[in-house]
Amino acid sequence: MQDISLHLLDIIENSVRAGSKNIQIRIIKDANANFLRIIVSDDGIGMDPITIEKAQDPFFTSKTERKKKVGLGIPLLKQNAELCNGSFQMSSEPGKGTVLTAEFQLDHIDRMPLGDLKETLLSAIVGHPEVNFSIILTSLDKDKEKSFHFETAPIKEELGDIPLTYPDVIKYLEQSINEGIQITNMEDV
Amino acid sequence: MKTLADLKKIREKAQEEMKLRDGKVRIKIVVGMGTSGIAMGAREVMKTFLEEISNRNLTDVLVTQTGEKGLSSMEPVVDVIEEGKPKVTYGNMTPEKARRVVVEHIVNGRVVSDYVVATGD
């Protein structure tokens with residue numbers, strides 16, 4: 001993975017595969033405390049302590065349909081976070097969903113860029129119309145706090161049976177997400 | 001700022017249009033978005049499909065994404081599903097190839113055999 005936004009898409013796909021109906025994505029850029037934090041919480045099937053342990057092991061995967069029993073998504077993200085003075089946590093309980101937190105030192109020289117956040121969010125939202133997404137972007141710099149909150153449930157309710165990949169809806173979602181990224185200065189992190 | 005009122009307009013316009021063609025989705029594109037797919041550029045392929053649908057105003061095409069399907073060596077992988085026809089799976093996709101699939105297959109109905117890695121279920 002070349003950037004954090006691709007890791008984020010990978011984690012979101014894990015949440016979807018865990019049968020989540022609601023996924024919350026929080027991204028906090030804090031220039032004062034010098035961190036970039038990504039939190040993905042879902043209401044999927046969750047994991048027991050053994051599975052949590054195994055999910056961080058590169059030689060394990062939950063994808064039973066595959067012969068190849070390795071999953072590199074989570075171990076690589078963990079490694080990338082820890083390599084730049086950050087941290088990685090997963091907390092989960094069977095039946096209660098999962099919360100995954102990855103933190104990076106914001107100004108660490110080895111930190112991968114955040115990348116194209118808009119494409120990750122747009123892709124996840126339209127690619128999984130059955131899932132409700134809640135997106136919260138926050139940036140803190142000195143005494144300024146900027147925040148953006150985006151919910152897909154009311155949008156889908158308003159649209160009824162019009163698909164999310166209807167041309168004008170794609171444009172609507174793209175512009176909304178773009179505005180949020182600009183408001184919170186997440187374009188070039 | 002975009003509001004829900006903007007969406008209402010979109011919905012009304014879309015509903016008019018759907019009435020004209022019985023509300024049917026003609027073709028479904030499914031992009032494989034597993035870890036290896038993402039690492040190989042599946043998000044950029046997805047982006048290209050969304051751009052093309054939006055720019056060409058293709059109102060009867062649906063795009064979704066799915067996990068890995070055991071074709072890791074051919075990622076990014078894309079399925080094109082049309083009612084009454086065998087499923088077509090394209091492999092080793094790039095944004096350029098995705099554009100060609102839109103023009104030739106989605107718009108003009110000709111399968112791009114150069115990129116096909118599997119057909120049927």
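**Exercise 1. The contact between the chains**

Task: In this predicted model, determine how many residues each chain gives to the contact, and which elements of chain B take part.

Solution: Begin with the totals, which are 37 residues from chain A and 32 residues from chain B. Next, assign the side of chain B that touches chain A to its elements: those giving two or more residues are α1 (4-20), α2 (35-39), α3 (42-55) and β2 (61-66) of chain B. Of these, α1(B) makes the largest contribution, with seven residues. Finally, sort this side of chain B by residue character, which yields 16 nonpolar, nine polar and seven charged residues. As for the predictor's own scores, the complex receives an ipTM of 0.91 and a pTM of 0.93, while chain B averages a pLDDT of 92, with 98% of the residues scoring at least 70.

**Exercise 2. The buried side of a helix in chain A**

Task: Find which residues of helix α3 (residues 73-83) of chain A are buried, and explain how they are placed around the axis.

Solution: The buried residues are A:Gly73, A:Ile74, A:Leu77, A:Lys78, A:Asn80 and A:Ala81. They lie on the same side of α3(A), because the arc they cover around the axis is only 165°. The spacing can be understood from helix geometry, since an α-helix has 3.6 residues a turn and residues three or four places apart therefore point the same way. Now ask what this buried side packs against: within chain A the partners are α1 (4-17), α2 (49-55), β3 (87-92) and β4 (98-105), and they are joined by α2 of chain B. Just after α3(A), A:Asn85 adopts a positive phi of about 60°.

**Exercise 3. An enclosed helix**

Task: Compare the span of α1(A) with the expected value, and decide whether this helix is largely enclosed or largely open.

Solution: The 14 residues of α1(A) reach 20 Å from the first C-alpha to the last, which is close to the 20 Å expected at 1.5 Å a residue. For the second part, count the buried residues: 13 of the 14 are buried, so α1(A) is largely enclosed by the rest of the structure. Just after this helix, A:Gly19 has a positive phi of about 80°.

**Exercise 4. A hairpin in chain A**

Task: Describe how strands β5 (residues 132-141) and β6 (residues 144-151) of chain A pair.

Solution: The two strands run in the antiparallel sense and are paired over eight bridges. As one example of the register, A:Ile135 has A:Phe150 in β6(A) as its bridge partner. The hairpin leaves two residues between the strands, and A:Lys142 takes a positive phi near 55° there.

**Exercise 5. Backbone details outside the helices and strands**

Task: Locate A:Asn185 and B:Asn57, state their phi values and classify their exposure; then describe the peptide bond between B:Glu75 and B:Pro76.

Solution: A:Asn185 belongs to the segment after α6 (167-183) of chain A, and its phi is positive, about 50°, although the residue is not a glycine. With 15 C-beta neighbours inside 10 Å, A:Asn185 is partly exposed. B:Asn57 sits in the loop between α3 and β2 of chain B, where its phi is likewise positive, near 50°. Around B:Asn57 there are 10 other C-beta atoms within 10 Å, and the residue is exposed, the limit for that class being 12 or fewer. Lastly, the peptide bond joining B:Glu75 and B:Pro76 is cis, with omega about -10°, and B:Pro76 lies in the loop between β2 and β3 (78-82) of chain B.

Conventions:
Residues are numbered from 1 along each chain as its sequence is written. Chains are lettered from A and ligands numbered from 1 in the order in which they are written. This is a predicted model: local features need pLDDT of at least 70, side-chain atom pairs count only at pLDDT 80 or more; totals for chains, interfaces and linings use all residues. Two residues are in contact if their C-beta atoms, placed from the backbone, lie within 7 Å. Helices (H or I, at least four residues) and strands (E, at least two) are DSSP runs, numbered from the N terminus. Ala, Val, Leu, Ile, Met, Phe, Trp, Tyr, Cys and Pro count as nonpolar, Asp, Glu, Lys and Arg as charged, and the others, Gly among them, as polar. A residue is buried if 20 or more other C-beta atoms lie within 10 Å of its own, exposed if 12 or fewer, and partly exposed in between; C-beta atoms are placed from the backbone. The arc is that of the directions from the helix axis to the C-beta atoms. The expected span of a helix is 1.5 Å times one less than its number of residues. Two strands pair if DSSP finds at least two bridges between them. pLDDT is the predictor's confidence in each residue, from 0 to 100.
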